[in-house]
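Student: I would like a close look at one part of this model. Please take me through how its helices pack together.

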Amino acid sequence: MELGLDFEDTDLIEEKKTSDKKSGLKSYNAKVCGPLWFEHCEILDAETTANICKFRGDHKYYKKQYEEALLCYKQALESLPMTNRCMRHDLNESIARCYVALDKTAEAVDLAQNLLNTSTNADQTTQACILLQQIQHKQSDVGGEETTLKQLIMLHPFNAEFWLMLKRCFCQKFCLRELTKLEQQSIEYIKLLTCLVRARLLIRSVRTSVASFVKERHQGLIKEIEADIEKLNPSESCLACAKKHLGEDIFKLDNADDDKERDLNMESVNFEDRWFKWNQ
């Protein structure tokens, strides 16, 4: 009995033609850009203008031609659509850095504060805080720098660098040249010891997972930290108490990703109570 399932020759030929059409690849010529192509390229539209001016500004900034870089960044900002918020944020940060390099710290701090207020995610907030801290440090605004560093630590409590920066800020705030002159159990003493112990715990917690050149730098930091702790001369019981309370959260988040870490530490919590009340 014939079921009519046989293929005709034309069916096979048509299928082959269709297959050839689908698999056919068009040639692709990669665009090749020469060195400093953005300095002499043709500008086609507003968004292209913004990108090219940004490249020009970055190159001028690299060459420390800050006035020219500033003009390029401003031109890019004027050309950029208001809807491109990410690049506008990046350009405003570049403009603020030019102001810092040109010693226009008043303009720089206003712009950095605006960047902080308009940040839409943790990464933008971190970058804005780092920029603001650098400006405040240059201005010798110790109070402002302390506040900004605390905000950075709230965002990234496992960053040893921020703790060491806060320690240096405290030394400036307390007008300290010699740590040995501090009275034990004073709030100044506790704050400095907290920063040093916390930083040491954090550096030691990652010593098996970092590259060799990072290990060398960490070893140098550990030596400096231990020298400072020795100058503070805490008692064994005081040091043990500090290690216990300041290190209890370090190993809990070993397997947590960055987003979980940020969510956990962005909660509203009093910084002084969280970090400086362990001796009570």
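Tutor: We start with one helix and its partners, then turn to a buried residue and the core.

This is a predicted model, in which local features need pLDDT of at least 70 and side-chain atom pairs count only at pLDDT 80 or more, while totals for chains, interfaces and linings use all residues. Residues are numbered from 1 along each chain as its sequence is written, and side-chain values use heavy atoms, with hydrogens and water left out.

Helices here are DSSP runs (H or I, at least four residues), numbered from the N terminus. Two packed helices are described by the angle between their axes and the distance between the axes. Axes are lines fitted to C-alpha atoms, for helices over the stretch in contact, and angles run from 0 to 180 degrees between N-to-C directions.

Take H6 (residues 122–139) with H5 (residues 105–117). Their axes come within 9 Å and cross at roughly 155°. H5 and H6 are therefore roughly antiparallel, a term for angles over 145 degrees. Contact means heavy atoms within 4.5 Å. On the H5 side, the residues that meet H6 include Ala108, Val109, Ala112 and Leu116. On the H6 side, Ala128, Cys129, Leu132 and Ile135 are among them. By class, this contact has 11 nonpolar, 4 polar and 1 charged residues. Ala, Val, Leu, Ile, Met, Phe, Trp, Tyr, Cys and Pro count as nonpolar, Asp, Glu, Lys and Arg as charged, and the others, Gly among them, as polar.

H6 also packs with H4 (residues 85–101). These axes come within 11 Å and cross at roughly 10°. That makes H4 roughly parallel to H6, the term for angles under 35 degrees. His89, Glu93, Ala96, Arg97 and Val100 are the H4 residues in this contact. They meet H6 residues including Gln127, Leu131 and Lys138. The classes here are 4 nonpolar, 4 polar and 3 charged residues.

Now look at leucine 152, in helix H7 (residues 142–155). Leucine 152 counts as buried because its relative accessibility is 0%; buried means under 20% relative accessible area, with a 1.4 Å probe and protein chains only. Leaving out residues up to four places away in sequence, leucine 152 touches Thr126, Cys129, Ile130 and Phe162. Its C-alpha atom lies 9.5 Å from that of tryptophan 163, 11 residues apart along the chain.

Trp163 is also among the residues with the most contacts inside the largest nonpolar core, which has 68 residues. Such a core is a set of buried Ala, Val, Leu, Ile, Met, Phe, Trp, Tyr and Cys residues joined through side-chain atoms within 4.5 Å. Helix H9 (residues 187–205) gives the most to this core, with 10 residues.

Note on methods:
Helix = DSSP H or I, 4+ residues; strand = E, 2+ residues; numbered from the N terminus. Buried < 20%, exposed > 50% of the residue type's maximum accessible area, 1.4 Å probe, protein only. Parallel < 35°, antiparallel > 145°, perpendicular 65-115°, else oblique.
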